[in-house]
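Please follow the account below with the model open. It moves from one helix to the contact between the chains, and then to confidence.

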Amino acid sequence: MRRFSDGDPDAVRHLYDRYGRAVFTVAHRALGDRGLAEEAVQQTFLQAWRAAAKFDPERDPAPWLYAIARRVAVDLYRREKRHDSDRGEPEVAVLPHSFEGAWEAWEVRSALDQVPDDEREILRATHFLGLTHEETAERLGIPLGTVKSRSYRAHRRLAGLLSHLREATA
Amino acid sequence: MNCDEFRAQYLAGENNAATAAHLNHCSACRSRRRDLEAGRIALMDPATWEEPPPELENQVIGLISGNRKTARTRLGRVERWVRPVAAAAAVVIAAGVYGLVRTPAPDWRIAMPGTDLAPRATSTVAGWNTESGTRMVVTIEGLDAAPAGYVYEFWLSQGPLHISAGTFSGGGEIDLWTGVARADFPRLWVTLEPLDDDEAPSRQTVLDTGA
């Protein structure tokens with residue numbers, strides 16, 4: 001974190017590689033727009049860099065970075081709503097449903113980034129594309145047994161990575 | 001079926017007699033059920049699978065690198081100017097450095113006193129108005145570090161509308177940025193916030209300019 005605070009490109013790259021996708025997921029989910037999500041990622045890391053000198057390096061950076069990302073998304077949402085207003089008057093501070101469950105989205109995306117590529121491919125096919133194991137096997141061109149074993153390993157690994165989800169949101 | 005097998009199957013959405021039986025007698029897995037359901041819902045969310053563009057990483061690195069160079073350039077100019085003066089008067093130097101680092105002078109400055117929750121705390125906010133928003137430097141003294149699980153949050157408000165300019169963990173000099181214009185938001189204040197999903201300001205106000 002000290003190297004990140006100094007602006008060391010390798011440290012910035014390291015933090016981005018670990019959390020960049022999770023920041024993007026939270027922002028994209030909340031804002032529903034890729035361009036705004038990209039802006040949110042840039043602002044999040046810039047704000048984190050500015051605040052890093054005061055961050056306790058002994059702490060887990062994930063909740064800290066998540067809090068910054070969410071606040072940035074809130075600000076961008078309100079800025080866009082304000083620009084959309086015909087009279088230029090600000091909206092009442094009510095956020096849309098898309099901001100709910102942001103922490104769970106962060107955690108799941110962070111966990112997915114720790115799953116091997118071949119297992120993540122199975123998770124994407126079954127959960128995102130809604131394919132059965134048979135359809136996944138056909139789509140990926142691998143035996144059905146391989147799909148089933150990878151699916152089990154992937155879900156077992158993911159369940160372990162999400163073990164602290166509830167205590168973190170409690 | 002053991003707990004690992006149950007959790008993998010439950011997360012996969014495979015609810016059958018075996019998982020039901022395990023859930024019936026395993027309190028540990030019953031306590032994890034809500035996590036697994038939340039995880040399963042998030043896995044089906046298209047946003048979870050959206051990939052940022054590859055060039056975004058270099059844009060972030062470039063953004064931070066650019067800001068770092070700007071800061072160093074300012075400090076470098078200050079050092080070159082300060083060195084010959086240093087022999088003359090150290091006190092003057094300190095004031096000169098402060099003034100040059102913050103060049104140009106802030107467009108506005110306002111005191112933000114401590115509330116009953118932080119009676120020893122004092123602060124000032126210096127602001128620079130730009131076309132894309134407002135940069136603020138908050139100088140805080142006498143404010144305890146935020147306890148674990150909490151952060152301080154800086155707000156700009158106009159009536160019921162509250163805009164966060166960022167979070168920090170304690171006193172000192174804090175550099176903040178917001179995309180809104182200061183003129184639209186007369187009240188500046190700081191709250192102590194738990195790290196949770198609640199986007200509204202807490203009731204624990206520690207510094208406040210008043211409306």
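A:Gly32 has a positive phi of about 65° and sits just after helix α2 of chain A. The structure is a predicted model, and the values given here are computed from it. Helix α2 of chain A covers residues 9-31. A straight helix of 23 residues would span 33 Å at 1.5 Å a residue, yet the end C-alpha atoms of α2(A) are only 28 Å apart. The helix is bent, by about 55°, and the bend is at A:Tyr19.

The same helix matters for the count of residues at the contact between the chains, where α2(A) gives ten residues to the side of chain A that touches chain B, the most of any contributor. In total, 55 residues of chain A and 52 residues of chain B take part in that contact. On the chain A side, at least two residues each come from α2, α3 (34-51), α4 (61-84), α5, α6 (117-128), α8 (144-161) and α9. By class, this side of chain A holds 30 nonpolar, ten polar and 15 charged residues.

One helix pair in the contact between the chains can be followed in detail. Helix α5 of chain A (residues 102-112) and helix α3 of chain B (residues 27-44) have axes that come within 9 Å and cross at roughly 75°. Angles of 65 to 115 degrees count as roughly perpendicular, and α5(A) and α3(B) are therefore roughly perpendicular to each other. From α5(A), the contact uses A:Glu104, A:Ala105 and A:Val108. From α3(B), it uses B:Ala38, B:Gly39, B:Ala42 and B:Leu43. Five of these residues are nonpolar, one is polar and one is charged.

Within chain A, helices α6(A) and α8(A) pack with their axes 9 Å apart, at an angle of about 95°. That angle makes α6(A) roughly perpendicular to α8(A). On α6(A), the residues in contact are A:Asp118, A:Glu119, A:Ile122, A:Leu123 and A:Thr126. They meet A:Val147, A:Arg150, A:Ser151, A:Arg153, A:Ala154 and A:Arg157 of α8(A). This contact is made up of four nonpolar, two polar and five charged residues.

How confident is the predictor, and where is its confidence lowest in chain A? Chain A has a mean pLDDT of 84, with 88% of its residues at 70 or more. Within chain A, helix α9 (residues 165-169) has the lowest confidence, a mean of 52, and helix α7 (residues 133-140) the highest, at 94. Chain B averages 79, and 81% of its residues score at least 70. Among the elements of chain B, the lowest mean pLDDT, 41, belongs to helix α6 (residues 90-101), and the highest, 96, to strand β8 (residues 205-208). Over residues 70-103 of chain B, pLDDT stays under 50, and the model has 14 contacts beyond four places in sequence for this stretch. Where pLDDT is low, the predicted coordinates should not be read in detail. For the complex, the predictor gives an ipTM of 0.83 and a pTM of 0.61.

Conventions. Residues are numbered from 1 along each chain as its sequence is written. Chains are lettered from A and ligands numbered from 1 in the order in which they are written. This is a predicted model: local features need pLDDT of at least 70, side-chain atom pairs count only at pLDDT 80 or more; totals for chains, interfaces and linings use all residues. Axes are lines fitted to C-alpha atoms, for helices over the stretch in contact, and angles run from 0 to 180 degrees between N-to-C directions. Helices (H or I, at least four residues) and strands (E, at least two) are DSSP runs, numbered from the N terminus. Angles under 35 degrees count as roughly parallel, over 145 as roughly antiparallel, 65 to 115 as roughly perpendicular and the rest as oblique. Two residues are in contact if their C-beta atoms, placed from the backbone, lie within 7 Å. Ala, Val, Leu, Ile, Met, Phe, Trp, Tyr, Cys and Pro count as nonpolar, Asp, Glu, Lys and Arg as charged, and the others, Gly among them, as polar. The expected span of a helix is 1.5 Å times one less than its number of residues. The bend at a residue is the angle between axes fitted to the seven residues ending there and the seven starting there. pLDDT is the predictor's confidence in each residue, from 0 to 100.
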